[in-house]
Amino acid sequence: YGPPNHSTEKKCTTLQRDTSDGTFTMIAERPINAGEEICHAYGKGLTSAQLLQTFGFVETGASKRAAGNEWSGDDEDGSDGSNGVRYGTTPVTISAQAVLRACRSVIDSSFPEELRDTMEENDIPDETWGLPTEERDILSHGLISDDIIAAVDKPLPDELVTLCCLPFMPDEVYAEWSSDSCLWSAEILEDYFLGKLALRSLMKVLGAKMEQYSALDSSACGFNVLVDDEHKGGGQGDPDVLLLKRLLKASSKDIVDESKRRRAIYALTIRLEEKHCLRVLQKEMINVLRSLDDDEEDRETDNDDGQSGKRSSSDIDGASSSKKIKL
């Protein structure tokens, strides 16, 4: 007999290690009925990418979660499928070079000057400064990885925050950081000028990252005939979700190559988990941007209270807010 199949949902065994000789014994966690398949969870809490790399498969429950867009509870501590079983979510990797290129494009654009004008028009007290004209060799300090991991439980990691802020820092601040390198938390983005510049850069990175997920060709997924192009953008919703749903529902008569179908399901599951991480990161950045604008509106309201009375909500939501630069 070979080892039992993997299942997080139906597992009924546990491995116990004997420290005296280093051997493992598989024991039953509960009474097992005659004829019941014995299953074991080989990697509880592992992401789909980790399971594929380590054991060569992706859990069906994780694929169904991705196809059903069932990410409830995922933002806090990992994942949550509709069946109550928790699955790990594959994090997304963000290229440090891509972040630096996006920061440089923002520096070279008209956005910084527009931002200064907006801050002056709205009497925003946060300081502005001249942006550096030369590129900085930030990665040579060895503190920031070439590829930065963004996970659902840490969508805006300190590495990413630090990297997207350093290209905009005044020369004296960058010199100080270079002599005593450290990572900054997201609190640094509370500065209006810096926060807007850094987050605009990250929005560019996220947009470019999403565009890298090109639609899969159905012929490479094991179908015996080409399916229509609905999954390539002709239908509603994420084309990867639509294709994954078709693959999961496909019968044997629809599939000519089961191994291709299985590999496509694995690839789409991991891809959708990564895209979910990007959406969580985007949500986190939008919250920071809203906080910046909310803080400024509070300051404007406080100023008006001391002069001509509190403005109406229509004033706050109208002309004054329209001056804010939105990313």
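## Exposed nonpolar patch

A residue counts as exposed when its relative accessible area is over 50%. In this predicted model, Phe24 meets that cut-off, with a relative accessible area of 53%. Phe24 belongs to strand β3, which covers residues 24-28.

Phe24 also contributes to a nonpolar patch on the surface, together with Leu15 and Met26. The area of this patch is about 290 Å².

## Aromatic pairs

A pair of aromatic rings is described by two quantities, the distance of the centres and the angle of the planes. Searching the whole structure gives four aromatic pairs. One of these joins Tyr42 and Phe55, with 5.7 Å from centre to centre and 45 degrees between the planes, a tilted arrangement. Tyr42 sits in the loop between β4 (39-40) and α1 (48-55), while Phe55 is in helix α1, so the pair ties together parts that are 13 residues apart in sequence. Both rings belong to partly exposed residues: the relative accessible area of Tyr42 is 29%, and Phe55 has a relative accessibility of 36%.

Phe55 takes part in a further tilted pair, with Phe57. Here the centres are 6.2 Å apart and the planes make an angle of 35 degrees. Phe57 has a relative accessible area of 18% and is therefore buried, the limit being under 20%. Through these ring pairs, Tyr42, Phe55 and Phe57 are linked into a cluster. The cluster thus includes the partly exposed Tyr42, the partly exposed Phe55 and the buried Phe57.

## Cysteines and disulfides

A disulfide is a covalent bond between the sulfur atoms of two cysteines. The structure contains zero disulfides. For Cys39, the closest cysteine sulfur is that of Cys12, at 6.2 Å. A disulfide requires the two sulfur atoms to lie within 2.5 Å, so the sulfur of Cys39 is too far from that of Cys12 for a bond.

Cys39 is buried, at 2% relative accessibility. Cys221 is likewise buried, and its relative accessible area is 2%.

Key. Residues are numbered from 1 along each chain as its sequence is written. This is a predicted model: local features need pLDDT of at least 70, side-chain atom pairs count only at pLDDT 80 or more; totals for chains, interfaces and linings use all residues. Side-chain values use heavy atoms; hydrogens and water are left out. Rings of Phe, Tyr and Trp (its six-membered ring) pair if their centres lie within 6.5 Å; planes under 30 degrees apart count as stacked, over 60 as edge-to-face and the rest as tilted. Helices (H or I, at least four residues) and strands (E, at least two) are DSSP runs, numbered from the N terminus. Buried means under 20% relative accessible area, exposed over 50%, partly exposed in between (1.4 Å probe, protein chains only). Patches are made of residues with over 30% relative accessible area and no salt bridge: like charges are joined within 9 Å, nonpolar side chains (Val, Leu, Ile, Met, Phe, Trp, Tyr) within 5 Å. Accessible areas come from the Shrake-Rupley method with a 1.4 Å probe; for residues, only the protein chains shown count as cover. A salt bridge is a side-chain nitrogen of Lys or Arg within 4 Å of a carboxyl oxygen of Asp or Glu.
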